[in-house]
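Student: I have a structure to go through before class. Can we take it in short questions?

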Amino acid sequence: MSITTESELIGMQKASEAVAFALKEMRNFAKPGMTTKELDNYGGKILKDMGAKSAPYETYGFPGWTCISVNNEFCHGIPSEKRILNEGDLINIDVSAELDGFWSDNGGSFVIGEDINQHQKLIEASKEILKKAIYNIKGGVRISDIGHIMETEAKKRGFKVIKNLTGHGIGRSLHEAPHEIVNYRDKFNLTRFKKNAVVAIETFISTNSTYAETLQDGWTMVGNKGGFMAQHEHTIVVTEGKPVILTEMNGIWN
């Protein structure tokens, strides 16, 4: 969507506050020995208490309030009573929701407990790349140029990007135009970011794979060549200068 009124900005700020607060609290709550369903229920209650509705549940009938992916799962992981979190697990939580007709989206990857499996380098790369990408976005900048930054920065650090997972426009629904904010330079995409547009910018930084494939459960995605992936995501408003980061309070850059 494009922000045209003060009330639209306030609506987006409230929806973004709900998803950002839920993500931050879920990250603080997560610990070894907990099931991913327990963590999901905790996040779902926070959204409900703030008057927000889970976007994946509302939009796609997803079997959970949030997407929780562990280790070799890249994204869209289904919360489960059978999945127990262990020390050193790489976990990704993606929280998106609707509040009073406005939709917002954010996510982050982190390690449960101590980083005994050395995932932190990948996580830091994803965070740094998201920050660099976001602060290069303003009205008139080509989407492909931001993808080029992401891919170049990933390669510099010895990582790859997932080519079939993308950021997207958001606001009045979960996924809006522009639909293909990819993590690489797509020379055929001549679209430019527009001032006042609301977009969800996501990194998909991986150790081995370049494509994500869906498992038989119809939701969970894993890498075509295995390995691990870190994702970080903010919903922003594009301006003529520095973007407004609506989900900043999630603390994923801390």
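Student: In which helix do lysine 156 and glutamate 153 both lie?
Tutor: This is a predicted model, so read each value as computed from it. Lysine 156 and glutamate 153 are three residues apart, about one turn of the helix. An α-helix has 3.6 residues a turn, so residues three or four places apart point the same way. The helix that holds the pair is α5.

Student: How far does α5 reach from its first C-alpha to its last?
Tutor: Helix α5 covers residues 143-156, which is 14 residues. At 1.5 Å a residue, the expected span is 20 Å. The model comes close to that, with a reach of 20 Å.

Student: How close do the side chains of lysine 156 and glutamate 153 come, N to O?
Tutor: Side chains of opposite charge can pair when their charged atoms come close. The cut-off for a salt bridge is 4 Å. Lysine 156 and glutamate 153 meet in such a bridge, and the N to O distance is 3.0 Å.

Student: Is glutamate 153 buried or exposed?
Tutor: Buried means under 20% relative accessible area, and exposed means over 50%. Its partner lysine 156 has 60%, so lysine 156 counts as exposed. Glutamate 153 has 7%, so glutamate 153 is buried.

Student: Which arginine meets glutamate 153 in a salt bridge?
Tutor: The N to O distance in this bridge is 2.7 Å. The arginine has a relative accessible area of 25%, so it is partly exposed. The residue is arginine 157.

Student: Which elements help cover the buried residues of α5?
Tutor: The buried residues of α5 include Ile143, Ile146, Ile149 and Met150. Their cover includes one helix and three strands by name. These are α4, β6, β8 and β9.

Student: Which residue with a positive phi follows α5?
Tutor: The phi in question is near 85°. The residue is a glycine, and its number is 158.

Student: Which lysine forms a salt bridge with glutamate 240?
Tutor: The closest N and O atoms of this pair are 3.9 Å apart. The bridge links distant parts of the chain, 45 residues apart: glutamate 240 sits between β12 and β13, and its partner sits between β8 and β9. Glutamate 240 is exposed at 59%. Its partner, partly exposed at 42%, is lysine 195.

Student: Which residues do salt bridges with shared partners join into one network?
Tutor: A search of the whole structure finds 10 salt bridges. Glutamate 153 takes part in a bridge with lysine 156 and in another with arginine 157. The network joins Glu128, Lys132, Glu153, Lys156 and Arg157.

Student: Why is there no bond between the sulfurs of cysteine 67 and cysteine 75?
Tutor: A disulfide needs the two sulfurs within 2.5 Å. Cysteine 67 is buried at 9%, and cysteine 75 is buried at 7%. Cysteine 75 holds the closest cysteine sulfur to cysteine 67, but it is too far for a bond, at 7.7 Å.

Student: How many disulfides does the count come to?
Tutor: The 2.5 Å cut-off applies here too. For cysteine 75, the closest cysteine sulfur is in cysteine 67, too far for a bond. The count comes to zero.

Student: Which side chain of opposite charge is nearest to aspartate 105?
Tutor: Aspartate 105 lies in strand β5. It is buried yet has no salt bridge. Its side chain does make a polar contact with the side chain of histidine 168, at 3.1 Å. The nearest side chain of opposite charge is 13 Å away, in arginine 27.

Student: What is the relative accessible area of serine 206?
Tutor: Serine 206 lies in strand β9. Its contacts beyond four places in sequence include Phe74, Leu122, Phe159 and Phe228. A polar atom of its side chain lies 2.4 Å from the backbone oxygen of serine 209. Serine 206 is buried, and its relative accessible area is 0%.

Student: Which proline follows a cis peptide bond from alanine 177?
Tutor: The omega of this bond is near -5°. The proline is found in strand β8. The residue is proline 178.

How values were computed:
Residues numbered from 1 in each chain as written. Predicted model: local features only at pLDDT ≥ 70, side-chain atom pairs only at ≥ 80, totals over all residues. Heavy atoms only, no water. Helix = DSSP H or I, 4+ residues; strand = E, 2+ residues; numbered from the N terminus. Expected span 1.5 Å × (residues − 1). Buried < 20%, exposed > 50% of the residue type's maximum accessible area, 1.4 Å probe, protein only. Contact = heavy atoms within 4.5 Å. Polar contact = N/O pair within 3.5 Å; in protein donor to acceptor, adjacent residues only side chain to side chain. Lys, Arg positive; Asp, Glu negative; His and termini not counted.
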